[in-house]
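Reader: I would be grateful for a close look at the empty space in this structure, with attention to what lines it and what lies around it.

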Amino acid sequence: MILTPRAHNPTGCSLTETRAHALREVLARYPQVLAIVDDHFALLSATPWHSPLPASTQRWALVRSMSKTLGPDLRLAFIASDAATSAALRLRLNAGSQWVSHLLQDLTLACLTDEAFIASMTETRRHYRQQNEKLAAALARYGYSHATPGDGLNFWLPLPAASQPYALRLARAGWLVREGEVFGIRTPSHGLRLSLGRLSDAEISRLAADIAQALDAP
């Protein structure tokens, strides 16, 4: 089993304690199943950590990548796991193409022990959460209260039908958004993924108005 517990892309949803408890109950019945938890947004997440792993799980790995926090070129992750999985992983991380550079390791240590950098992470976490909350509040003023702020870098706007017509209407208004169907697996995922990080309050208000107009158009 591979699970993303927080800031799921594109929806921004995260595990609640209730959902994590339900997953622990299921996994407890199958202790032999390898469970990989990809907590990629851990350092920037505004959502509390709720472990989906029961104590009886024999093979497991908790992965926390630094690529979201420190930059996409910093190919380094922290992994906690059981002893057998750790031994297998160490065999793969030998000298060669799988080796993790000491320069990257030193850079990661320098960042994560720097007070100014830690303060900037706290501000980044607050900023993205507030941006999502601002758009949700602006949409609610137009009667669209079903769009709730998630965790992570993006805002997910669920739609009742295929997203392309809505994306085209927003494009004509000057907005570039990501159509949700590309994220579907077995069934289409109708929605729009919006990135709000660099928008001002005035731009968020204008975006909400344009979304409302796009949704109301025949």
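Author: The following account begins with the cavity, then turns to the pocket, the sheet and the nonpolar core.

The model is a predicted one. A search of the whole structure finds one cavity of 30 Å³ or more, and the largest cavity holds about 40 Å³ of space. Its lining consists of F41, L44, A46, R125, Y128, R129, N132, G150, D151 and G152. By class, the lining of this cavity comprises four nonpolar, three polar and three charged residues. Why is the largest cavity placed between domain 1 and domain 2? Domain 1 (2-113) and domain 2 (132-216) each contribute residues to the lining, and therefore the cavity lies between them.

The open space of the model may be considered next. The largest pocket has a volume of about 610 Å³. It is lined by 19 residues, of which L76, A77, F78, L93 and V100 are the closest to its centre. Three elements give two or more residues to this lining: β4 (77-81), α3 (83-92) and α4 (102-112). The lining of the largest pocket divides into ten nonpolar, seven polar and two charged residues.

There remain the sheet and the core. An open sheet of three strands runs in the order β5-β7-β6, and its pairing is antiparallel. The edge positions belong to β5 (154-158) and β6 (178-179), each of which pairs on one side only. In general, the strands of a sheet pair through backbone hydrogen bonds, in either a parallel or an antiparallel manner. Five bridges join β5 to β7 (residues 191-195) in the antiparallel sense. Within this arrangement, L157 stands opposite L192 in β7.

Both L157 and L192 recur in the largest nonpolar core, which has 25 residues; they are listed with L135, L139, F155, L194 and I211 as the residues with the most contacts inside it. The elements that give two or more residues to this core are α5 (115-140), β5, α6 (164-172), β7 and α7 (201-216). Among these, α7 gives the most, with seven residues. In soluble globular proteins, nonpolar side chains tend to be buried together.

To draw these parts together, the largest cavity lies between the two domains, because both give residues to its lining. The largest pocket has β4, α3 and α4 among the contributors to its lining, whereas strands β5 and β7 pair with each other and each give two or more residues to the largest nonpolar core.

Technical notes: Residues numbered from 1 in each chain as written. Predicted model: local features only at pLDDT ≥ 70, side-chain atom pairs only at ≥ 80, totals over all residues. Heavy atoms only, no water. 1 Å grid on protein atoms, 1.4 Å probe; cavity = no way out; pocket = protein on both sides within 12 Å on 5 of 7 lines; lining within 4 Å. Points joined across faces, edges and corners; volume = space filled by probe spheres on them. Helix = DSSP H or I, 4+ residues; strand = E, 2+ residues; numbered from the N terminus. Nonpolar A, V, L, I, M, F, W, Y, C, P; charged D, E, K, R; others polar. Domains from an automatic or database assignment. Pairing = 2+ DSSP bridges. Core = buried A, V, L, I, M, F, W, Y, C linked by side-chain atoms within 4.5 Å. Buried < 20%, exposed > 50% of the residue type's maximum accessible area, 1.4 Å probe, protein only.
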